[in-house]
Amino acid sequence: MEWFQLSYYSMGVFTCFIISFIMFIFLGTRRGVTTPTKWLFGLFVGFASMFFGYFLAYSVFAEWGAYHRLLTGMVVFGNASVVGFAYKFPRDDMAREGKFMMPIAFFIALVSYIHYAYEVLTFRIFYDFQAHHYNTTAGKALSAAILLMFIISLSVLIRKTIRYSDYQGKFKKRFMVGFMKFSNPIGKEAHGTKSYAKGFILFIVIGLTNVLSKAGVISYDQYATAYAIGSLLVSFYIVLTYLNNSPEPTTFMIKLVGISLVTLLLVIGFVGKVTLNVNESDYDNQRITEVKNAKEHILQKEFESLPKTVEYVLKRPLNGQRFQEEYELLYANPESNEPKAIEMEAIYLEEKLEKQALLVKMSKKIKASTQEEKEQKAIQIVNERYEAYLNGIQFNSLKRTYRHAGSLFTQFDFVEKGFIYQVGYSYTEYRHHTHKTASQIFYTILVATLGILVLFPKFFRASLVKPLDRLLSGVKKVNQGNLEVEVSQKTHDEIGFLATSFNSMVSSIKLARKELQDYAENLEDKVAERTQEVQEKMEEVQKLKVQQDGDYFLTSLLAKPLFYNANKSEEITTEFIIRQKKAFSFRNKNAELGGDICVTGNLRLGTPHNFKRYTVAMNGDAMGKSMQGAGGSLVMGVAMNSILARSASNDRVLDSTPRKWLASTYDEIHSIFKTFNGTMVISATIFVIENDTGKAWYINAEHPFTVLYRDGKASFIEEDLKLRKLGLDSEIEFDVYEFSLQKRDVVILGSDGRDDLDLTPDEPFRTINDDESLFLGYVEKSQGDLQKIIDEIQSVGGITDDLSLLRIGFKENAEDEAEVLEQIPGIQETSDLSNMVSEVTQDPSERVFQEAKGYYHNGDILEAITLMEERFTEDKSHSKLNRFLGLLCFKNRDYEKAVQVLSYHLQESPENPDLWYYLSVSQKKLGSYDLSIDSSTMLYSMDSKHVNNLVNLSDLYRLKGEQDSAKKYYLLANELDPQNNNVKKIGKLLELT
């Protein structure tokens, strides 16, 4: 099929066609769909037609390929369907306006399409070398109609968002209220309509790239790439928005397969574009090499030595015009019929068409007494502009250009002695070259699409859906009272672990029920003297009570090993208290049951030779009372302990970061709870804290705000909602947040039982507390002690819900240390004074050092410096005294003395990296930049990852005006710690951020 030749742009629109085709098949085959879904189906029918038409345009190498526009124009009916969707989603509450506007939209679509089809069938067909397809100039009216329908749909969705959203802010003006309602919608329906509105805004933005392309602001290649990828992403965004907001049920399988398919197609699309770029360069390089090799033969007119692929050679003056009479045909390939069509003319068909179109356009605007005079003036203006256009053309040596002279050609030019020589090749051969590579990508996309649609559902069904279905089926049977249930376990992953735990729980409950039955039967002898009626009633009540308490008791036993304070860190201390609302007794044993959970543990993240220790703390509250809440906490406990065990078992060092570990943990637990389809969800806060520094990473999934107790004051870390509960779809984008703890800081996590207090427990009607800030007062009064906090809560009112509190303390037992903080642009130093003052020996030579240390502890730094200066003058051999004196002089901003003492000390003991740093900063303060750079360079050779030293080096080179070196050390520091405030400061000073 010579007419089927895939071009450079075929693959992008083919990928879009596959997605649109699958979407409209999916929507069209669903049963019992709502009216908005039917209108959305119309949108994807139009999009599939449009993308298929573009695929034909880029792939059909024949003039009839220009009629692809009859297919692409059908997108206008898809846009008319968008208008219907906007009026019907999520409910038809603008019916009167919709009944008026929807027929108008389809009337405009029909009229514009008929006009468009007439233009396509009657306008002259030309070959567009920039787009590599046959085309016509039709479509301006249709483009306006499409844009109009998107604007109508967008306006409807914006108005609906404002209508459905609530607003409780300070603005009173109608415009500002409307703006706030749309920018920050409240309510599910408002969020849904805004999501669609954002999609339509993106469609309009993609359409504007077409305008920018035609205006010459961006290239056609940039436009085609943006259009293909943008349309694909926005189409999929619309469908995901539909799945998340539609009242019609959907499945987890559809989302998994859909996301997998789109992701793979995007990857193949990007790889294909890179491959075709290489293919284009390969073609150009081959031809350029041929032209270079044939140059001397052309100049000597030895045309018999030219490659057979050369179709013609033209010659014209370098400074001449590009009119046909100035060309000289030097050579025409005798084995080809194509060059005969040139015959000394070599006219650009595109230029001819442009000239004719401009002539017609201008003849309508020029005013003259007669039509003949009007046309003559138009011809004059056209010729003048055409001359200017030709004179403005820039000559590009050995760059591929195109020629339409009866047949289609590619050509490569070179200049020699005032003449331009143009070497022509068959454009058909170029298309064959491109098709050969593009066809491989084409078949890859087809095979990948079929593979995902056929194989992925089988894989996910076997590995995920069926195991979860079996587990949920078992849960339902147990809820119905059937304890003869055993969920089969075929895998040993997390779902298999849940199945095993479920089977164990059911077996335990069944065994306990038998024991309780035996116990109940023995009671009959004790009540034999009572009447038969009382006996039957008591037996029934007792059985129910024993069965319930037994179930509760066994469930509480299952929960105990999961709620474990496994933290072993000495720097980070954790403790927690859990008071479940449901308290009961079973066989003289008191127990509690509820949905609150606390888990702690430790991690080592990094590499085996370079890792850091972290403490993990989680506090959660599962939805539901008693058994339902306990079930959620059990699932959370099993999942969290499984993840911690997998991450840290056998002293494992996990090659990850706290942020990645938290994100992975959230995805895993969220996926487990999502399988329960909203019947089991949990709020939770999970912290990961670096043991040495106190730097913390955390997520809060709709859990009560975290409390920070610092210097006797309590405050909330969060200010607003960060994420929805685990197991629920969240309109808030997932993110891991950071926070830095200081010594003696206390962080308290708690469930909503801390706030749900009955403020009038002795009154007939309950008054529930709605002020969450009351809890801050309890923390301050109790000074962060958990038991005292609970006592404070109970002194105010009655606890009406499960209550759990988890306390995290950072270096609470650390001794007071003096920190040397020297503020300079972009630098913050840390001090090792704490190490210094903690060293104690009984050597007599330590007397002065010990006295100075005593003065230092009493706050008299000047006296300590004076005492040690006298000793330093007499004896410079005391290493610790010299080091302590240098640091105190640095702290006291006596940089000259600090340089003197530290320089002498480092000559004797150069192994301390931090002292080199303090020496460098002191030298910098005195303006000795070269000496300061030498000191910092010494430290860099000892520790290349000392972030503050890298910042200091960058600032020193900045002060010296050596921007390249300054940039080098900034980039090294930014790579190590991009969130460091000093790194950010030096980046701003260097104008790199």
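**Close-up views of a predicted protein model**

**View 1. Y918 in its helix.** Y918 is buried, with a relative accessible area of 0%. In this predicted model, the residue belongs to helix α25, which covers residues 913-925. While you are here, find S935 as well: Y918 and S935 are 17 residues apart along the chain, and their C-alpha atoms are separated by 9.1 Å.

**View 2. The whole chain, for orientation.** Before zooming in further, it helps to take stock of the protein chain, which has 29 helices and 23 strands. Of its 993 residues, 48% are buried. The accessible surface comes to about 50100 Å², and carbon and sulfur atoms account for 54% of that. Among contacts with a separation of 6 or more, 68% are between residues 24 or more positions apart. The mean pLDDT is 78, with 80% of the residues at 70 or more. Please read two stretches with care: pLDDT stays under 50 over residues 321-325, where the model has 16 contacts beyond four places in sequence. Residues 343-351 also have a pLDDT below 50, and that stretch has 27 contacts beyond near neighbours in sequence.

**View 3. Two nonpolar cores.** The largest nonpolar core has 76 residues, and L40, F200 and I445 touch the most other members. Helix α1 (residues 10-29) gives this core its largest share, eleven residues. Leaving aside residues up to four places away in sequence, L40 touches L27, F85, I238 and Y242. A second core, separate from that one, has 64 residues, including F673, A701, L723 and L741.

**View 4. A nonpolar patch on the surface.** Here W3, W64, Y67 and L121 come together as a surface patch with about 430 Å² of accessible area between them. L121 sits in helix α5 (residues 95-122). Its relative accessible area is 55%, so L121 counts as exposed.

**View 5. D755 in a loop.** Look between strands β18 (746-750) and β19 (757-758) to find the loop that holds D755. Is D755 buried or exposed? Its relative accessibility is 11%, so D755 counts as buried. Apart from residues up to four places away in sequence, D755 touches N769, E772 and F775.

**View 6. Two salt bridges, D729 with K674 and E738 with K695.** Side chains of opposite charge can pair when their charged atoms come close. The structure holds 30 salt bridges, and one of them joins the side chains of D729 and K674 at 2.4 Å, N to O. D729 is in the loop between β16 (713-716) and β17 (737-740) and K674 is in helix α17 (residues 658-674), so this pair ties together parts 55 residues apart in sequence. At 43% relative accessibility, D729 is partly exposed. In the other pair, the closest N and O atoms of E738 and K695 are 3.8 Å apart. That salt bridge links strand β17, home of E738, to strand β14 (residues 695-701), home of K695, across 43 residues. E738 is partly exposed at 31% relative accessibility, and K695 is partly exposed at 22%.

**View 7. K960 meets D930, with a network to visit afterwards.** The side chains of K960 and D930 form a salt bridge at 2.4 Å, N to O. K960 lies in the loop between α27 (947-959) and α28 (963-976), and D930 in helix α26 (residues 929-942), so the bridge ties together parts 30 residues apart in sequence. Both partners are partly exposed, K960 at 33% relative accessibility and D930 at 46%. For a salt-bridge network, turn to R91, D93, K160, R163 and E189, which are linked in one.

Definitions and conventions: Residues are numbered from 1 along each chain as its sequence is written. Side-chain values use heavy atoms; hydrogens and water are left out. pLDDT is the predictor's confidence in each residue, from 0 to 100. Contact means heavy atoms within 4.5 Å. Patches are made of residues with over 30% relative accessible area and no salt bridge: like charges are joined within 9 Å, nonpolar side chains (Val, Leu, Ile, Met, Phe, Trp, Tyr) within 5 Å. Accessible areas come from the Shrake-Rupley method with a 1.4 Å probe; for residues, only the protein chains shown count as cover. A salt bridge is a side-chain nitrogen of Lys or Arg within 4 Å of a carboxyl oxygen of Asp or Glu. Helices (H or I, at least four residues) and strands (E, at least two) are DSSP runs, numbered from the N terminus. Buried means under 20% relative accessible area, exposed over 50%, partly exposed in between (1.4 Å probe, protein chains only). A nonpolar core is a set of buried Ala, Val, Leu, Ile, Met, Phe, Trp, Tyr and Cys residues joined through side-chain atoms within 4.5 Å.
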